Amino acid sequence: MPQYSLINSKMLSIKLHGEEVYAKRGSMIAYTGQVDFAPSSSGSEGLGGRAMRSVTGEQMSLMSARGTGEVLYAFYGLHVTLIQLSEETFFAESESLLAYDGRLRSGTQFMGSGGMQGMLRGAATGSGLFTTTLEGAGELAIVSDGDSFALDVTHERPIFVDPQAYIGHRGQLQSNIVTDVGWKSFVGQSSGESYQLKFTGLGTVYIQAAERGGNR
Amino acid sequence: MTRFRLESSRLLEVELRNERVMTRAGAMVAYDGQIKFEKSILGGEGLFGALKRRVGGEGFDLMTTSGTGRVYIAQNAAEILLVPLQNEKIFIESSSLLAFDDGMRSNTVFAGLRGASSGQGLFTTTVEGTGNVAAISDGTAIVLEVTPSEPLFVDPDAFIGFKGNIRQEFIFDVNWKTMIGQSSGESYQLKFTGQGIVYIQPSERR
């Protein structure tokens, strides 16, 4: 079983004993032991999952590491959060996924419930409306710009999230895309918050303190 | 009055009970409850203020956030500086302004020849009254005290804001070396004299 630990808030160590670990391509910064790295476009999913990804644009650029030793991962100084799964599903924005291993099965899922129309809209805007799912028992690591925040969702308290700040969620949650398009959006006076992801049910949503694609 | 709380150094939580805050457009990352976001056409400063800002090239937009619930606000993973005001006035470099209570008065004032070369606006935003103001800072903000006996010099690109009885002026340090391209990179500074507090960030805006 690969062992995950955080060296500091921005660096992840994974100890391998012959297993295979999938991580964001280019995120390896150092390793010891006998480890082989190879590109992998789909992680631990089959041909169908691969086709789904190329259609939805939820691309993951992964590499696999296999062998015995210790690998250190970091990505552009982003913060790393370790998440423990016990026979459940984690939904992650693919850009925020840093590392996982073969104990978890990966897939792709649409976030909204707007049917085909919503799906097309999601594909057109391309901003995280499809997520990567990881299912099983084991660890995974996500990256966030600034530290990550876990917001609890309860039946009494649905949460609305900016899609560009969303990094993942878990639990019994339904997600919806809600649009807030008024007349002001049409005369160029948009508040910049025209659509959001709405989560209802019982679970946890993870967000970061920055919006992807923002100017730095 | 609205309640501002730092969920962490980079995430601001604002609790609203049928109230309004002004926030930088697009800075909302999550919320619960019944909240509405609208671009504030006039930025809460009336037509003249909006016009001045347009002319002054203050390249930032505000939105009004109103309703009942909790709003989480963040910007580029920058650290957040919370300044509670008690019937005071704060001057903030507008690209650093993140959020403030709608009950306060805000205005755009001429701040001198700022940014002739640094590319910043010619105006600074003032917020006046009682309530909370949040600003962003690239790195943890530094609070410096200014006393009548000790004026303070600040790089305009690191300046966030100031409050108190302070006078601000521009100092140019241009000599023959600057002219032949041997500038130290610190050719002009902001000089603060009086009694008060100046906020700076440990980073220079690009």
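Me: Which residues does Asp147(A) contact, leaving aside its neighbours within four places in sequence?

Reply: This is a predicted model. Here Asp147(A) is in contact with His79(A), Ile207(A), Gln208(A) and Ala209(A). Ser8(B) and Arg10(B) are also in contact with Asp147(A). With Arg10(B) there is a polar contact, side chain to side chain, at 3.2 Å.

Me: Where is Asp147(A) found in chain A?

Reply: In the loop between strand S8 (130-144) and S9. Thr81(A) is 66 residues away along the chain, yet the two C-alpha atoms are separated by 8.1 Å.

Me: How does Asp147(A) count by relative accessibility, buried or exposed or partly exposed?

Reply: Buried means under 20%, exposed over 50%. The value for Asp147(A) is 23%, so this residue counts as partly exposed.

Me: Now the interior. How many residues has the largest nonpolar core?

Reply: The count is 22. Val161(A), Phe199(A), Val205(A) and Ile207(A) have the most contacts inside this core. At least two core residues come from each of S9 (148-153), S10 (159-161), S11 (166-179) and S12 (195-208) of chain A, and from S3 (28-39) of chain B. S12(A) gives the most, four residues.

Me: What is Val161(A) in contact with, beyond four places in sequence?

Reply: In chain A, Tyr166(A), Gln196(A), Leu197(A), Phe199(A), Val205(A) and Ile207(A). In chain B, Val29(B) and Ala30(B). Another core, of 20 residues, lies apart from the largest one. Val14(B), Val21(B), Ala27(B) and Met28(B) are among its members.

Me: How is a pair of aromatic rings described?

Reply: By the distance of the centres and the angle of the planes. A search of the whole structure finds 11 aromatic pairs over all chains. Take Phe75(A) and Tyr76(A): the centres are 4.8 Å apart and the planes stand at 90 degrees, so this pair is edge-to-face. Phe75(A) counts as buried because its relative accessibility is 17%. Tyr76(A), at 75%, counts as exposed. Lys24(A) lies over the face of Phe75(A), 4.9 Å from the ring centre.

Me: What kind of pair do Phe160(A) and Tyr31(B) make?

Reply: Their ring centres are 4.3 Å apart and the planes are at 5 degrees, so the pair is stacked. The pair crosses between chains, from strand S10 of chain A to strand S3 of chain B. Both residues, Phe160(A) and Tyr31(B), are buried.

Me: Which residues form one aromatic cluster in chain B?

Reply: Phe91(B), Phe159(B), Phe162(B) and Phe192(B).

Terms used. Residues numbered from 1 in each chain as written. Chains lettered and ligands numbered in written order. Predicted model: local features only at pLDDT ≥ 70, side-chain atom pairs only at ≥ 80, totals over all residues. Heavy atoms only, no water. Core = buried A, V, L, I, M, F, W, Y, C linked by side-chain atoms within 4.5 Å. Buried < 20%, exposed > 50% of the residue type's maximum accessible area, 1.4 Å probe, protein only. Contact = heavy atoms within 4.5 Å. Phe/Tyr/Trp six-rings, centres within 6.5 Å; stacked < 30°, edge-to-face > 60°. Lys NZ or Arg CZ within 6 Å of the ring centre and 35° of its normal. Polar contact = N/O pair within 3.5 Å; in protein donor to acceptor, adjacent residues only side chain to side chain.
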